[in-house]
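Here are some short exercises to work through with the structure open beside you. Try each task before reading its solution.

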Amino acid sequence: MSRRPQLSRQVPAESVAKFDEWCEHEGHVNGGDKGRHAEQAIIEYLPPTYRPERFRDDLDALEADLRADLDEVGLLSQHSSLNQNPTSRSSDETTKLTYRIAEDVQDALERYVHDQEGKIREVIGEYVATALDEYRDGGQVGRVRRYYEQLRENVDMVSEDRVGAVIEWLHSETGKRDYYHIETIRCAVSNALDVHSDGVRNDFADRVIDRLELVSVDTSEGVYATPEEAEKLVQQHTVKSDFRWSLTDKGERVEHLREAVRARSKSSAKGAGVDYNQVRDEVFDQQPSNDYCYELMELAGEESGFEYGQHNGKLMLRYTGKADPLEARPDTEWVSDAAKRVQEFCDEAGLKPEEVDQPILDNLIVRAKFIDEYDEEIGPSERAMEAVTEDDRRCVRDRFTGPSDSNANKTANVVKEEMDRLTAEAEPVTDGGQRRNNHD
C-alpha cells in the first residue's frame, strides 16, 4: 500500500471552502473522509497517462478516445485535463491544505504540473484547487460527459443507424412490445454498441425512447410505454385511491395489499413482489410498523395466486398469478419462433434438434409461447413450464423432422404396443389360469 504523507500545500481558500461545504453536505465530516475525497479529486483530474497505474480503468480509454475525436476536429486544447487553464478566482487568498494523499498520487500531480508549467511550488496549489472544483462538478465522469456533449453539439457523430441497431437488438431479444423498462433499453445499448460511459449509454437510451415514441409510465418507475399502453398501465395500477388506513380493519388492509400487488403485476414482465419497505412506504404511506407489515404480508400470502416467503434473499409477498389463465401467442407465431430458438441453441451446443433434452426444449417453448412468463434473470415461471404439452413439443419437432416422420413414429409406436399385447397373450399360462381369469 502506498504511503499517505500530508499534501501540505497553499491552495486558493475559495476552492477549499467550497470543497469543505460539499463534503459537509455529502456527510463527509471528518478529516480522513475529506482527505480520501481530495485524493480522488486529484486522481480523476490527472490525465490517464499521468495517473498511477493502479487507478486506471476502462473510463480512461473512453476519455482518451473522446479527446482524440475532439482533437481531430480542432476542438481540443491541451492546457490541462479540464481542457482549460486552472480556474481564475475572485480572491488571491490561500489556505494550507493538510490532507493525507497517497505518495504516488502526489508524485504524479507534481510531474503533471511541472510538465505544464516548468515549475511546481508556486503553481501547484492552483491545480489542486481546480481538481477540487472539478470533482464537485462530477469528476472524471462529468468531464467525459462534457467531452461527449461537445462532440455531439459540434459534430454529426451519432447516426440513426446506431439507434436502429439498438432497437433491432431490443426486438430480437425481448420481442416487439408496447412497453420496456429503462434498464432493458440500457442493456440493449450496451450489447448493440461499444459504450463505456453511463452518460453516453443514457443518451442512446433516450434516443431509443424517442424513436419508439414511448412515454414514461407515471405509476411504474423506469417503465416506458406507448401512450395507449401507458394509459392502460396507469389504470391497472390505480387501486382504491380513497383507501384510508384509520378507517379500515386488518381484513380490509390485507385485501387492499393483495389488490395493490396484483395491480403491480399488470405492468411487470413476470409477476409482482413487494418487501416490507414497499408495503410500508408505497402501499400504506408509512402507516404500519415493520412487524405489522410482515403480518399483513403473511396473511395476504394465504390466498391462491399469492406467495409469501424468501425471494432473492429477502421476505417478499409475491403475486404469481397462478389463478389467472396463461396468455399464449397464436400457434402461427410461437411455433416458428420456438423452432428458431431451438436451432440457435443447437448451433451453439453442437447438437441435433432431436438431441435437445426436454427441459431445455420446454424452456425454449415457454420463451416463444408465453413471453410474459419468462424473465431474463429468473427464467420461466413454474406454471408456464407445467403448461407445455406433448402437442407443443411435437409441433416444434415437426419443424425439423416433418409431419410424415412424426406420423411414422406414431404408427411404429402403435404397432409395437399391439405386438407387445399379442406376445403377452401368447405366453404359456403358468399361474394356474389366474391371468386369463383377470382378463375375464
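**Exercise 1. Find out how helix 2 and helix 5 are oriented to each other in this predicted model, and which residues meet.**

Step 1. Start with the geometry: helix 2 and helix 5 pack with their axes 8 Å apart, at an angle of about 95°.

Step 2. Compare that angle with the cut-off: values from 65 to 115 degrees count as roughly perpendicular. Helix 2 and helix 5 are therefore roughly perpendicular to each other.

Step 3. Now list the partners. Helix 2 brings H37, A38, Q40, A41, I42, E44 and Y45, and these meet Y127, T130, A131, L132, E134 and Y135 of helix 5. Sorted by class, this contact has eight nonpolar, three polar and two charged residues.

**Exercise 2. Decide how much of helix 5 is covered, and by what.**

Step 1. Check the length. Helix 5 has 13 residues, and its first and last C-alpha atoms are 19 Å apart, close to the 18 Å expected at 1.5 Å a residue.

Step 2. Count the buried residues: 11 of the 13 are buried, so helix 5 is mostly covered. Among them are I124, G125, V128, A129 and D133.

Step 3. Look for the cover. It includes strand 1, helix 1 (13-26), helix 2, strand 2 (94-97), helix 4 and helix 6 (139-154).

Step 4. Look just past the end of helix 5, where G138 has a positive phi of about 115°.

**Exercise 3. Work out whether the buried residues of helix 4 (residues 103-117) lie on the same side or on opposite sides.**

Step 1. Test the length first. At 1.5 Å a residue, the 15 residues of helix 4 should span 21 Å, and the end C-alpha atoms are indeed 21 Å apart.

Step 2. Pick out the buried residues: V105, Q106, A108, L109, Y112 and V113. They cover an arc of only 160° around the axis, which puts them on the same side of helix 4.

Step 3. Recall the geometry behind such a pattern: an α-helix has 3.6 residues a turn, so residues three or four places apart point the same way.

Step 4. See what lies over them. The cover includes helix 2 (31-45) and helix 5 (124-136). After helix 4 comes G118, with a positive phi near 80°.

**Exercise 4. Classify S8, E213 and T226 as buried, partly exposed or exposed.**

Step 1. Note the cut-offs: under 20% relative accessible area is buried, over 50% is exposed, and values in between are partly exposed.

Step 2. S8 sits in the segment before strand 1 (9-12). Its relative accessibility is 34%, so S8 counts as partly exposed. The phi of S8 is positive, near 50°, in a residue other than glycine.

Step 3. E213 belongs to the loop between helix 9 (198-211) and strand 4 (215-216). With a relative accessible area of 61%, E213 is exposed. Here too is a non-glycine residue with a positive phi, near 55°.

Step 4. T226 is in the loop between strand 5 (223-225) and helix 10 (227-237). At 18% relative accessible area, T226 is buried. Leaving aside residues up to four places away in sequence, T226 touches D178, E213, L214 and V215.

**Exercise 5. Put these parts into the whole protein: how many helices and strands are there?**

Step 1. The protein has 19 helices and 10 strands.

Step 2. Of its 440 residues, 39% count as buried.

Definitions and conventions:
Residues numbered from 1 in each chain as written. Predicted model: local features only at pLDDT ≥ 70, side-chain atom pairs only at ≥ 80, totals over all residues. Heavy atoms only, no water. Helix = DSSP H or I, 4+ residues; strand = E, 2+ residues; numbered from the N terminus. Expected span 1.5 Å × (residues − 1). Buried < 20%, exposed > 50% of the residue type's maximum accessible area, 1.4 Å probe, protein only. Arc of directions from axis to C-beta. Contact = heavy atoms within 4.5 Å. Axes fitted to C-alpha atoms, helices over the stretch in contact; angles between N-to-C directions. Parallel < 35°, antiparallel > 145°, perpendicular 65-115°, else oblique. Nonpolar A, V, L, I, M, F, W, Y, C, P; charged D, E, K, R; others polar.
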